[in-house]
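Subject: Handing over the structure

Hello,

Here is the structure I promised to pass on to you. Please have it open while you read, as my notes follow below.

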Amino acid sequence: MKKDRSNASDTPDDSTGAAVNKSKNVYVDINDLRRLQHQAKGFSFLTKQPVNSALSGKNVSKLRGRGLNFEELRHYRPGDDIRSMDWKVTRRTGKPHIKVYTEERERNVYLVVNQSSSMFFGSTNKMKSVIAAEISALMAWKVTDSGDRIGAIIFNDTKVKVVPAKRGKQHVVNVLTEVVKMNHQLKVGKGRESNANSINEALIKLSHICGHNALIIIVGDGHGWDTKSTQLIKNIRQHNDVIACQIYDPLEQQLPEMSNMVVSDGEKQIQFSSLNRNTQDKYRASIEQQENRFESATRKNRIPLLFLNTLEPIEKQLRKELGKVG
């Protein structure tokens, strides 16, 4: 557990180059998200996964993969696969018939991206909101490279932006541009009052557009998740695949031990001693309650849950979580 209290939003003292790097750790840049196209490899959403993948194992859902669409019923021809025989029609007509299917070549994939105030936090490297944007970029580039359609539900504390699912690299740029716009609206002290219900509004909009057989990728920190969220995702999960990415910062997991600790949201601040064991226990209990609510929802609905931190390069974490596959 790292306890370095340096904040990613602190202004560097000397180097201009350092100032640029710090700025990119606080707010995401569309050109950086474009460049992640070349890093979107080494992971997959396929049903067959290596044993070290978060998508393998008995406790997570088995992703559906591509399906088959029924095209026609016709007479049997020499060389046809007998496994495609329609025995009911054959018996009724007295002539062999087979069912012809075409492979479903594409599916809709929807990113649900949290850019609310709870994501505007980072202790030693990048903000959670920046990590969420980078995850979204890597996922979107991977999806479009597979020929599938990518869409997004992007939300903050006050609004939800819906981007319909379409194919193509230019559409990926359009999706990521909307992520960047909402990311740049974040600021210290903004939106703390209205955060509670934003995730549910996003899930309601998602349920209206996702249909069936889509892949849903939730990217956030689980903040604001409640019983309504669990019911909404349960309904969505019945007809779609869902993957959840939970972003965390090590400093959130445990308060640093300080005799005179000052915490501020940009508008108000409090001063207290974090050496007090009772304070530490209450803080930890509050964090665990939030985390357990989200983890429990994913576990009950057999949703793979990826734990991703703000310290390590996100492309390396995704390859580790999803397995090193082509």
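Which residue follows α6, and what is the sign of its phi? The residue is Gly211, and its phi is positive, near 65°. Please keep in mind throughout that this is a predicted model.

**The chain as a whole**

Let me step back for a moment. The chain has 10 helices and 10 strands. It runs to 326 residues, of which 45% count as buried. If you take the contacts with a separation of 6 or more, 74% of them come from residues 24 or more positions apart.

**Helix α6 and its partner α7**

Back to α6, which covers residues 198–209. Its 12 residues should span 16 Å at 1.5 Å a residue, and its end C-alpha atoms are 17 Å apart, which agrees.

Which residues of α6 are buried? They are Ser198, Ile199, Asn200, Ala202, Leu203 and Leu206. The cover over these buried residues includes four strands, β3 (108–114), β4 (149–155), β5 (160–166) and β6 (215–220), together with helix α7.

Helix α7 (residues 227–237) deserves its own look: its axis lies 10 Å from that of α6, and the two helices pack at an angle of about 20°. An angle under 35 degrees counts as roughly parallel, so α6 is roughly parallel to α7. Their crossing is left-handed.

From the α6 side, the residues that meet α7 are Ile199, Asn200, Leu203, Ile204, Leu206 and Ser207. They face Lys228, Ser229, Leu232, Ile233 and Ile236 on the α7 side. By class, this contact is made of 7 nonpolar, 3 polar and 1 charged residues. As you look at the spacing of these positions, one general point may help: an α-helix has 3.6 residues a turn, so residues three or four places apart point the same way.

**Helix α4 and its partner α10**

Next is α4, which takes in residues 128–145. From its first C-alpha to its last it reaches 26 Å, close to the 26 Å expected for its 18 residues at 1.5 Å a residue. Why can α4 be called largely enclosed by the rest of the structure? Because 17 of its 18 residues are buried. After the helix comes Gly147, with a positive phi near 85°.

One residue to click on here is Ala132, which sits in α4. Its relative accessibility is 0%, so Ala132 counts as buried. Setting aside neighbours within four places in sequence, Ala132 is in contact with Val113, Asn114, Gln115, Met119, Val219 and Ile247. Val219 lies 87 residues from Ala132 along the chain, yet their C-alpha atoms are separated by 6.0 Å.

The partner helix is α10 (residues 314–322): the axes of α4 and α10 come within 10 Å and cross at roughly 60°. That makes α4 oblique to α10. The crossing of α4 and α10 is right-handed.

Where they meet, α4 supplies Ile131, Glu134, Ile135, Leu138 and Met139, and α10 supplies Ile314, Glu315 and Leu318. This contact of α4 with α10 holds 6 nonpolar and 2 charged residues, with no polar ones.

**Arg34, in α2**

Is Arg34 buried, partly exposed or exposed? At 41% relative accessibility, Arg34 counts as partly exposed. You will find Arg34 in helix α2 (residues 30–35). Beyond its neighbours within four places in sequence, Arg34 is in contact with Trp141 and Val173. The C-alpha atoms of Arg34 and Leu176 are 8.4 Å apart, although their positions lie 142 residues apart along the chain.

**Helix α9**

The last stop is α9 (residues 277–300), with 24 residues. This helix reaches 33 Å from first C-alpha to last, close to the 34 Å expected at 1.5 Å a residue. Its buried residues are Gln280, Ile287, Glu291, Phe294, Ser296, Ala297 and Thr298. Among the elements covering them are α7, β7 (241–248), α8 (250–253) and β10 (305–309). Just after α9, Arg302 takes a positive phi of about 55°.

Happy exploring, and do write back with any questions.

Best wishes

Key. Residues numbered from 1 in each chain as written. Predicted model: local features only at pLDDT ≥ 70, side-chain atom pairs only at ≥ 80, totals over all residues. Heavy atoms only, no water. Axes fitted to C-alpha atoms, helices over the stretch in contact; angles between N-to-C directions. Parallel < 35°, antiparallel > 145°, perpendicular 65-115°, else oblique. Left-handed = near helix turned anticlockwise from the far one by under 90°. Contact = heavy atoms within 4.5 Å. Nonpolar A, V, L, I, M, F, W, Y, C, P; charged D, E, K, R; others polar. Expected span 1.5 Å × (residues − 1). Buried < 20%, exposed > 50% of the residue type's maximum accessible area, 1.4 Å probe, protein only.
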